[in-house]
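Work through these exercises with the structure open beside you. Try each task before reading its solution.

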Amino acid sequence: MNYQDDIPLARRIKSIKTITTKSFLRMGLLFLGLGISVTFLANKSFLSQRKSLDDSSNSIETRQNKSLLGHLPYKEASKKDLILFSPGIYVHKDIYEKFKEMQFMAAQRGVSLQLLSGYRSINLQRDIFYENKSIRNQTAVERSRDSAPPGYSEHSTGYAIDVGDGNYPDTHFEVEFEQTPAFKWMKRFASKYHFVLSFPPNNKQGVTYEPWHWRFEGTVNALREFDAANKIIKFK
Ligand SMILES: [Zn+2]
């Protein structure tokens with residue numbers, strides 16, 4: 001004989017009811033708890049998302065606030081990310097193939113793109129900035145219009161390059177470079193290879209026009225490096 005059969009039917013029903021009510025209550029509480037946790041977690045991730053957005057805009061602002069004489073701070077590329085392009089010239093490994101490809105395509109049209117410089121260590125930038133400053137008898141403010149202070153050069157990222165026309169070496173690092181076939185070709189096609197002119201005429205950073213100086217924005221990391229520069233409204 002089943003044990004439950006000993007209990008009168010009414011009580012049996014009651015106890016089943018009680019169990020059901022209790023378990024419903026329990027389940028309800030469980031769902032409520034789950035609901036609260038999910039809401040909390042969602043909120044938390046939303047908040048952390050908001051926070052990271054704030055952080056990124058902060059870091060752009062911070063970098064812009066840390067600008068020096070129109071130049072933004074840049075970190076030195078790590079050695080493992082650099083690759084030798086030609087004797088004495090290192091570039092970030094992400095731009096190596098792209099520049100080669102661009103050089104090859106230009107050569108098809110008889111245009112000679114010559115890589116004049118790429119990565120520069122902060123120490124080398126220090127020499128370039130201060131030695132030329134002394135030679136030219138310039139103040140730091142005057143010098144900063146032509147060159148970035150150490151720690152503030154796009155070249156230290158490995159993503160910036162100076163380009164010359166191999167057939168017109170006299171125009172290397174001169175504004176006259178803009179009249180060469182190399183510059184004209186780059187102006188038309190460089191964006192296909194993700195290179196952009198960093199300091200066009202009347203640029204927002206107030207840096208002297210440098211038709212030879214291009215930066216690479218073809219990876220997320222590179223873009224991130226130049227995010228602050230791309231978001232400058234006006235420095236001067
Ligand atoms: Zn340059």
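**Exercise 1. Decide whether Lys187 is buried, partly exposed or exposed.**

Solution. This is a predicted model, so every value here is computed from predicted coordinates.
- Step 1. Count the neighbours: Lys187 has 13 C-beta neighbours inside 10 Å.
- Step 2. Apply the cut-offs: 20 or more means buried, and 12 or fewer means exposed.
- Step 3. Conclude: Lys187 is partly exposed because its count of 13 lies between those limits.
- Step 4. Place the residue: Lys187 belongs to helix H5, residues 181-189.
- Step 5. Check a partner: the C-alpha atom of Lys187 is 9.3 Å from that of Pro211, 24 residues away along the chain.

**Exercise 2. Give the overall make-up of the protein chain.**

Solution.
- Step 1. Count the elements: the protein chain has 7 helices and 6 strands.
- Step 2. Read their order: α-β-β-α-β-α-α-β-α-β-β-α-α along the sequence.
- Step 3. Look at burial: of the 236 residues in the protein chain, 27% are buried.
- Step 4. Look at contacts: take those between residues at least 6 apart in sequence; 67% of them join residues at least 24 apart.

**Exercise 3. Work out the strand order of the open sheet, then find what packs on it.**

Solution.
- Step 1. Order the strands: the open sheet has 4 strands, arranged E3-E4-E6-E5 with antiparallel pairing.
- Step 2. Find the edges: strand E3 (113-117) and strand E5 (195-197) each pair on one side only.
- Step 3. Note the twist: neighbouring strands of this sheet are turned by 45 degrees against each other on average, direction ignored.
- Step 4. Take one pair: strand E4 (residues 160-165) and strand E6 (residues 213-216) are antiparallel, with 3 bridges. Across this pair, Asp162 stands opposite His213 in E6.
- Step 5. Add H5: this helix packs on the sheet and touches E3 and E4. The direction of H5 makes about 135 degrees with that of E4.
- Step 6. Add helix H2 (residues 93-108): H2 lies across E3, E4 and E6, at about 145 degrees to E3.

**Exercise 4. Describe the hairpin formed by E1 and E2.**

Solution.
- Step 1. Locate the strands: E1 covers residues 82-86 and E2 covers residues 89-92.
- Step 2. State the pairing: E1 and E2 are antiparallel over 4 bridges.
- Step 3. Name facing residues: Leu84 is opposite Tyr90 in E2.
- Step 4. Inspect the turn: 2 residues separate the strands, and Gly88 in the turn has a positive phi of about 80 degrees.

**Exercise 5. Compare the span of helix H3 with the expected value.**

Solution.
- Step 1. Take the length: H3 runs over residues 122-135, which is 14 residues.
- Step 2. Take the span: first C-alpha to last is 20 Å, close to the 20 Å expected at 1.5 Å a residue.
- Step 3. Look past the end: just after H3, Asn137 has a positive phi of about 55 degrees.

**Exercise 6. Characterise the positive phi values at Leu69 and Asn202.**

Solution.
- Step 1. Read the angles: Leu69 has phi near 50 degrees, and Asn202 has phi of about 55 degrees. Neither Leu69 nor Asn202 is a glycine.
- Step 2. Place them: Leu69 is in the loop between helix H1 (9-65) and E1. Asn202 is in the loop between E5 and E6.
- Step 3. Judge exposure: Leu69 is partly exposed, with 18 C-beta neighbours inside 10 Å. Asn202 is exposed, with 7 other C-beta atoms within 10 Å.

Note on methods:
Residues are numbered from 1 along each chain as its sequence is written. This is a predicted model: local features need pLDDT of at least 70, side-chain atom pairs count only at pLDDT 80 or more; totals for chains, interfaces and linings use all residues. The expected span of a helix is 1.5 Å times one less than its number of residues. Two strands pair if DSSP finds at least two bridges between them. Axes are lines fitted to C-alpha atoms, for helices over the stretch in contact, and angles run from 0 to 180 degrees between N-to-C directions. Two residues are in contact if their C-beta atoms, placed from the backbone, lie within 7 Å.
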